[in-house]
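Please look over the sequence and the model below before reading on. The paragraphs after them are meant to be read with the structure in view.

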Amino acid sequence: MQFQYPKAVGLNIFKKAQMLFLPAFFWCGTQVMAQAKVIVIESLHNAIALEVRADKRVGLIYFGTKLADRNEYQKISPARRQSEDYSGILNSAYTPAGSRNLVEPAIEVTQADGNNSLDLQYVSDQTQQLDRHVSLTSIVLKDPVYAFQVMLYYKVYADDDVVEQWSVIKHTEKKNVTLQKFASANLYFSSNSYWLKQYHGDWAREMQPQEAELTAGIKVLDSKLGTRADLYQPPSFMVSFDQAASEDEGKVLLGSLEWSGNFKIDLEVDPIKNLRLIAGINPYASAYSLKPNEEFKTPAFVYTYSEHGKGNASRNLQRWARDYKIVDGNGPRLTILNNWESTYFDFNEPKLAALLKDTKKLGTDVFLLDDGWFGNKYPRNDDRAGLGDWQENKAKLPNGIGYLVKEAQANSVKFGIWVEPEMVNPKSELYEKHPDWVIKQPNREEYYFRNQLVLDLSNPKVQGFVFGILDNLFTKNPKLGFVKWDCNSVIYNAYSTYEKNQSHLYIDYVKGLYSVLERLRAKYPKVPMMLCSGGGGRVDYGALKYFTEYWPSDNTDPLERIFIQWEYSYFFPAIASDNHVTDWSKAPIKFRTDVAMMGKLGFDLIVSKLNEKDLQFCQQAIQTYQGFSDVVWHGDQYRLLSPWKNDLASIQYLKTDKSKAIVFNYLVSNRYDAGSKLPIQLKGLDANKNYLVKEVNLYPGTRSAIQDDAVFTGDYLIKVGINPVVNAGRASVILEVDEVR
Ligand code: DGJ
């Protein structure tokens, strides 16, 4: 983007005198002035340039496509002709509150002596090459008056054009300093207009997008829910510059905070029409008392920038997530048969033994036993009791989980299990024994979300208990093959009997959760785990670092899922998206299955109730899926037709060597004559290769409307495309596109 940065009062003379990298210090009046130094942080296509001004304040002067000549970042400052920035720090790399700042700060502190001011000045910077692709730039800033320091970190994944940015805050004052705000990242952009695409939702309505131009002032995206923090709004969003970016065109930043608790993202169009972006933990009710020498490390804010639209940006983020973030992102995944919607809490050993046989019959890899297997004094027969009592319910499972694991083995499938270890029903032995482990106000009436309360994970004893739930399961059943980790409740009445400082609770809760997950992953590094939170109430990279996959929504109506999965996919890769075929909707089984295949396929229906043809179709579908899942899981995703604007949605996955593509096409309109009128242009193929296009995953007894031996050049498929012949009679069509050698 065309970047112009705000003028620093009284500095123009130095800028005009052509700035060099040379740290040539000299005196000017009473101030030590220096020729500006520019710190350039580059990825494959992009750059961030930070200027260390003569007054030692660090400002962001460039964010965009990188310049061919690195020395030319020096020329950016003098080109600025915007109106006055009275503070001189509107573009601060990390805006401190209480000194000269006039706008939203990135950091706000109360010093040990009660003073509310902070100023941050440059001390040093360094860049380390961590490996061939990853570098880490750090910048040390210090307050000239107080012994207070902030380190800014920029971890650059060059090939993906992805940056993770965070800060580490520290002081050596004699007494504690209170951090009132502590952002992870503070960015600054200059453009003609800014377009925010944000998401809102609720249970079964995750990832509802809204896109609008940002106007002057501050727009805040935030959560104060504590746990299940994304229920109303996730910490993922995009900002386009100049105009709302399209799939393949336009300048766009995709960002997401890697934090599973309260977050706050400030987007402020400032008085000189630049955009200030501040992302971090929500400071709401979270003033943090920092001891001398203690380090406060903020979670990373991850972002990618592209000048080629949202599609390109999302492929960057997806690739990064597979390579660096989610567990085993380049490995295989297991297909699941889950019993939540088919039995709810109503099951017993013979019923489960039959479901294990059905798992084999269907052809999925793992049977996942959901909620309801535990609790004796207070059996978990509905969601009102038993949560917290992680012993097998003797009436339902007289021979325990061990028997089921063995039965699974006998059927050559794996056994997986549901847990919700962070939560407790008041009607439980755990609550009776350890009321002090529960987050609740001592002097107020209890208030419940799904009849349950949240355990106090800031308490190391509770952390030990939560770790023990999983550790016991694995120790007793080493062959346990899958875990679904659920989290259904928000935090009401936030109060901890453990915390000395109540305003630490929200933050220490999340840290406690991560420390449990860290311990688990150290001991069980590869076991597949699904991140679930009453649907998609917790889908963020802070947690996904410990998981192989996530549950996007309890809403498994395929029509709804097309939209939900479409939006999640901008931020998270298909390999991590658990999509189950259920009886939530009456849509034909083929439509439901085709939608679930666009990610990680699973089932949650009563196999024995499928009619012969539907069963045959599902069995074949799993085999078909196994044939192409590698492309969906590890390939690049291209969105061809948006369900928001067309009668149909079309999504393509392309193997990285361009030898194979899978194209999913779904009818999303029931208007008269709705369907694919024109060919759909494919993307990313090699124009010089020849490809055979054929329809796959046909329902038994049906024939494809596509000629099955047609060969096209990549050039043709990109420029003209292929018509999948989608209509009311063929509401979903999957095409396989194979290179012909
Ligand atoms: C909420 C989850 O989203 C569901 O899939 C299921 O596991 C229930 N919890 C069980 O209580």
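What follows goes through some of the salt bridges and then turns to the surroundings of the ligand.

The model shown here is a predicted one, and it holds 46 salt bridges. A helpful place to begin is the pair formed by Asp-55 and Arg-100, whose closest N and O atoms are 3.9 Å apart. This pair links distant parts of the chain, since Asp-55 sits in the loop between strand S4 (46-52) and strand S5 (58-65), while Arg-100 belongs to the loop between S5 and strand S6 (107-110), 45 residues apart. With a relative accessibility of 10%, Asp-55 counts as buried, because the limit for that class is under 20%. Arg-100, on the other hand, has a relative accessible area of 34% and is partly exposed.

A second salt bridge joins Arg-319 to Asp-160, and here the closest N and O atoms are 2.9 Å apart. Because Arg-319 lies in helix H2 (residues 309-325) and Asp-160 in the loop between strand S9 (148-157) and strand S10 (162-171), the pair ties together parts that are 159 residues apart in sequence. In this bridge Asp-160 is the buried partner, with a relative accessible area of 3%, whereas Arg-319, at 24% relative accessibility, counts as partly exposed.

A third salt bridge brings together the side chains of Glu-567 and Lys-197, at 3.0 Å from N to O. Here too the pair links distant parts of the chain, with Glu-567 in helix H10 (residues 558-568) and Lys-197 in strand S12 (residues 194-200), 370 residues apart. Glu-567 and Lys-197 are both buried. Salt bridges can also share partners, and in this way Arg-53, Asp-55, Arg-57, Arg-100 and Asp-119 are joined into one network, which takes in the pair of Asp-55 and Arg-100 described above.

Which residues come nearest to the ligand? Of the 13 residues around the ligand, these are Asp-370, Asp-371, Lys-484, Asp-486 and Asp-554. By class, the shell is made up of 4 nonpolar, 3 polar and 6 charged residues. The side chain of Asp-370 has an N or O atom 2.7 Å from an oxygen atom of the ligand, and a polar side-chain atom of Arg-450 lies 2.8 Å from an oxygen atom of the ligand. For Asp-486, an N or O atom of the side chain is 2.7 Å from a nitrogen atom of the ligand. Taken alone, the ligand exposes 290 Å², and the protein buries 98% of that.

How values were computed: Residues numbered from 1 in each chain as written. Predicted model: local features only at pLDDT ≥ 70, side-chain atom pairs only at ≥ 80, totals over all residues. Heavy atoms only, no water. Salt bridge = Lys/Arg side-chain N within 4 Å of Asp/Glu carboxyl O. Helix = DSSP H or I, 4+ residues; strand = E, 2+ residues; numbered from the N terminus. Buried < 20%, exposed > 50% of the residue type's maximum accessible area, 1.4 Å probe, protein only. Near = heavy atom within 4 Å. Polar contact = N/O pair within 3.5 Å; in protein donor to acceptor, adjacent residues only side chain to side chain. Areas by Shrake-Rupley, 256 points an atom, 1.4 Å probe, with all protein chains shown as cover. Nonpolar A, V, L, I, M, F, W, Y, C, P; charged D, E, K, R; others polar.
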